[in-house]
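Good morning, colleagues. Please take a moment with the sequence and the structure before I turn to the pairing of charged side chains.

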Amino acid sequence: MQAPVSLSSLCWSTPDGTRLFNNLDIAFGPGRTGLVGRNGTGKTTLLRLIAGELSPMAGEVRIAGTLALLRQTPLVRPGETIADLFGAGSALALLRRVEAGRAGAEDLPDADWTLPHRIGAALRQCGLETEPETLLGALSGGQRARAHLAAQLFMSPDVLLLDEPSNNLDDAGRRLVATIVRNWTGTVIIASHDRTLLAEVDAVVELTRLGATRYGGNYAHYRERKEQDLAAARHDLADAEKADAEAARRAREAAERKARRDSRGKKARAKGDQPKILMDAARERAEASGGANVRLRGERRAATGLAVAAARTRLEVLQPLRMTLPECGLPQGRTILSLDAVSAGYVAGQPLIRNLSLTIAGPRRIAIRGANGSGKTTLMRLIAGAIAPFSGTVERVGPVAYLDQDVGFLDADGTLLENFGKAGRRSGDREAHAVLARFGFRAGEAKRLAGGLSGGERLRAGLACVLGKTPTPSLLMLDEPTNHLDLDSIEMLEAALAGYDGALLVVSHDETFLDALRLDGTIDLPDGRLPCRAHERH
């Protein structure tokens with residue numbers, strides 16, 4: 001039986017010539033498959049190749065049945081409506097003409113009177129109560145994501161491709177996507193770093209520089225197998241390095257023995273104890289034998305060297321990155337932030353934040369929670385000093401570092417060193433290089449342009465810039481930091497934040513990430529119409 005999706009000898013390179021896939025062979029059967037991998041390994045590209053939006057440079061993509069793709073960042077065209085997403089703009093317009101008595105008799109057979117009901121049902125399935133004629137531009141980012149998902153479900157495809165489907169959704173939206181995936185009866189392939197969503201899959205396919213590897217089971221099984229693979233890779237590297245060292249030792253000892261023999265031969269020739277013809281013949285035999293041995297040792301040493309390189313490459317692919325955050329020395333109990341009866345927003349008389357009072361003292365870890373549009377980013381910008389309150393007071397004690405969702409302060413045309421110089425306020429390239437190295441940018445990487453960084457690299461660069469200040473900020477504010485990160489980068493961030501000794505204020509819908517932070521409390525933003533509430537955990 002043919003698999004719903006099969007790729008044979010697939011090859012693809014980026015426009016700059018970087019090879020992403022080389023003779024890739026993989027099949028996706030019925031059920032739920034998670035597609036994971038570090039940023040830049042080609043997850044979105046693979047989905048577009050499967051969907052037919054891109055053509056492979058070589059190889060073949062075969063699809064059995066109909067297919068739909070939910071893009072990670074769908075475009076919004078001027079004047080585009082929800083009905084247009086469903087491909088139903090003309091059909092709904094016909095119904096409106098019929099209802100208004102402006103349609104001819106020849107139009108009536110084409111009228112689909114069930115269409116509005118079916119579109120409404122798909123929208124409600126995705127948590128939207130709105131008319132199909134609603135402009136997409138009038139919706140929030142989360143609502144647009146729901147509308148695009150509803151349009152794909154409306155098609156009832158045999159194969160559903162989801163590219164980071166939970167990225168712009170709040171908690172309720174993420175639960176909705178997880179329910180849809182759990183109940184899907186066809187084939188669904190999900191490129192995602194959402195570990196809660198990946199818990200719903202039947203298998204995980206990981207893309208690396210070495211190709212594609214399939215792991216049976218959900219994310220928990222994948223992580224368990226990955227840990228085993230990582231341990232095996234470390235063992236293989238240790239064995240390869242030991243064999244290489246042994247080959248080097250034998251080559252060195254053989255060279256020393258040859259040097260001693262050569263020395264004895266020279267002394268014997270100088271004495272003249274044996275006939276010259278016999279000594280010349282002995283020397284020729286020794287040189288022939290020695291040459292063969294040298295070639296053999298060289299081949300063995302080259303082989304062990306290649307084995308070390310291969311083992312090291314595999315370990316680099318499997319081993320997660322590490323990042324070290326500097327200490328700020330924030331004492332327990334020292335107040336660093338105080339808000340007193342604060343209201344704020346962007347339109348006078350329409351506050352998103354209403355009458356909020358809170359105090360953060362010591363290295364507390366607080367999450368700001370709320371649905372899309374409730375004002376989470378507004379509160380972060382208020383605390384960071386980017387906007388002023390309508391009423392109430394905001395008092396910051398000590399330096400504050402704020403990273404928005406896109407780390408927007410980075411100059412795309414500037415190098416990391418130049419960006420660090422603007423934000424970090426340190427003097428001298430040596431100190432800048434030292435700080436950037438702590439965040440994984442070593443040697444020449446410090447001269448990379450910020451515009452060419454992946455999501456994980458961009459976050460690391462932003463943290464280096466804001467935490468490289470003197471003194472180190474005692475309050476770190478992160479707005480949806482995991483949105484553009486791959487799984488390895490998220491785990492790297494979690495490990496780094498575990499050792500941070502300052503206060504932490506985070507906006508995130510990633511429950512697994514928030515659990516890893518070991519929160520001390522939350523700030524709940526209901527919907528902008530009610531007072532905000534702060535809760536402490538004890």
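I shall speak about salt bridges in this model, which is predicted.

A search of the whole structure finds 19 salt bridges. Let me begin with one of them, the pair Arg195 and Glu494, whose side chains meet with an N to O distance of 2.6 Å. Arg195 lies in helix H7, residues 195-198, and Glu494 in helix H14, residues 487-498, so this salt bridge ties together parts that are 299 residues apart in sequence. Are these two residues buried or exposed? Arg195 is buried, at a relative accessible area of 7%, and Glu494 is buried as well, at 13%.

I now turn to Arg223. Its side chain meets that of Glu227 in a salt bridge, at 3.3 Å from N to O. Both residues belong to helix H8, residues 219-271, where they stand four residues apart, about one turn of the helix. With a relative accessibility of 17%, Arg223 counts as buried, because the cut-off for that class is under 20%. Glu227, at 43%, counts as partly exposed.

Which other residue pairs with Arg223? Glu491 forms a salt bridge with Arg223, and their closest N and O atoms are 3.4 Å apart. This pair links distant parts of the chain, with Glu491 in helix H14 and Arg223 in helix H8, 268 residues apart.

Finally, a network: Arg48, Glu53 and Arg71 are joined into one by salt bridges that share partners.

As general background, side chains of opposite charge can pair when their charged atoms come close. Thank you for your attention.

Technical notes. Residues numbered from 1 in each chain as written. Predicted model: local features only at pLDDT ≥ 70, side-chain atom pairs only at ≥ 80, totals over all residues. Heavy atoms only, no water. Salt bridge = Lys/Arg side-chain N within 4 Å of Asp/Glu carboxyl O. Helix = DSSP H or I, 4+ residues; strand = E, 2+ residues; numbered from the N terminus. Buried < 20%, exposed > 50% of the residue type's maximum accessible area, 1.4 Å probe, protein only.
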